[in-house]
Amino acid sequence: MASADIFDRLKQDHDTHRQLFKKMADAKDEDQLQKLFEQFKVEVTAHAAAEEETLYATMLARPDLREDAQHSVSEHKEIDDYLEELAELKFNGEAWRKKFDQMKKRYLHHIDEEEEEMFPDAAKDLTAQEEERLGKLFAKRKPAELERAESEN
Ligand SMILES: [Fe+2]
Ligand SMILES: [Fe+2]
């Protein structure tokens, strides 16, 4: 991407997550589903961490944007809790699938809400320069967070 601001980069990741959900729904066997699910976990954990370190850190420091940022960060925690609960269940068993469907619904809600509410609210407050700078910072932080999520997975 030639010149990607923070919102372009975050939305691009969200599209990857939506695609991973589609691929998981179409998985032809349990092995494939497991590989895709592991990929999803690492990707989403790293995305949320880098998102918090860049956009949400900036938003938290601004009184007008603080509430939006707090809402999103608490949803990250909720998804994290779902992933932990899923890890305790028999993979692809009945309870796992039920929990997975709940997590999927919540996560899709989360990224839709970010795109429809949080990002437009933030965009009103940030300058083009800040959006560009945060985009570059996100691109730098994401690989480090992927490595970290991979090692903890
Ligand atoms: Fe998020
Ligand atoms: Fe996000």
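**Note on the two-iron site and the largest pocket**

1. Glu-51 is a buried residue, its relative accessible area being 0%. The model in which this residue is seen is a predicted one, and the points below concern its two iron ions and its largest pocket.

2. Glu-51 deserves attention because it is buried and also coordinates both iron ions, ligand 1 and ligand 2, which are 3.0 Å apart.

3. Which protein atoms hold the iron ion (ligand 1)? Its donors are OE of Glu-51, NE2 of His-76, NE2 of His-110 and OE of Glu-114, at 2.1 to 2.2 Å from the ion. Along the sequence, these donor residues follow the spacing E-x24-H-x33-H-x3-E.

4. The arrangement around the iron ion (ligand 1) is irregular, because its four donor atoms subtend angles of 85 to 171°. For four donors to count as tetrahedral, all angles must lie between 85 and 135 degrees.

5. Two donors of the iron ion (ligand 1) belong to one helix: His-110 and Glu-114 are both in helix H4 (residues 94-125). They are four residues apart, which is about one turn of the helix. Both His-110 and Glu-114 are buried, and for Glu-114 the relative accessible area is 0%.

6. The iron ion (ligand 2) has as its protein donors His-14 (NE2), His-47 (NE2), Glu-51 (OE) and Glu-114 (OE), which lie 2.1 to 2.3 Å from the ion. Their spacing along the chain is H-x32-H-x3-E-x62-E. Glu-51 is in helix H2 (residues 30-60) and Glu-114 is in helix H4, so this pair ties together parts that are 63 residues apart in sequence.

7. Why is the arrangement around the iron ion (ligand 2) classed as irregular? The reason lies in the angles subtended by its four donor atoms, which run from 85 to 172°.

8. The largest pocket holds about 550 Å³ of space. Its lining comprises 24 residues, and those nearest its centre are Lys-41, Thr-45, Asp-80, Leu-83 and Glu-152. Two or more lining residues come from each of H2, helix H3 (63-88), H4 and helix H5 (128-152). The greatest contribution is that of H2, with nine residues.

9. What is the make-up of the lining of the largest pocket by class? There are 10 nonpolar residues, four polar residues and 10 charged residues.

Technical notes:
Residues numbered from 1 in each chain as written. Chains lettered and ligands numbered in written order. Predicted model: local features only at pLDDT ≥ 70, side-chain atom pairs only at ≥ 80, totals over all residues. Heavy atoms only, no water. Donors = N, O, S within 2.8 Å, 3.2 Å for Na, K, Ca; no water. Tetrahedral: all angles 85-135°; square planar, octahedral: opposite > 155°, others 65-115°. Buried < 20%, exposed > 50% of the residue type's maximum accessible area, 1.4 Å probe, protein only. 1 Å grid on protein atoms, 1.4 Å probe; cavity = no way out; pocket = protein on both sides within 12 Å on 5 of 7 lines; lining within 4 Å. Points joined across faces, edges and corners; volume = space filled by probe spheres on them. Nonpolar A, V, L, I, M, F, W, Y, C, P; charged D, E, K, R; others polar.
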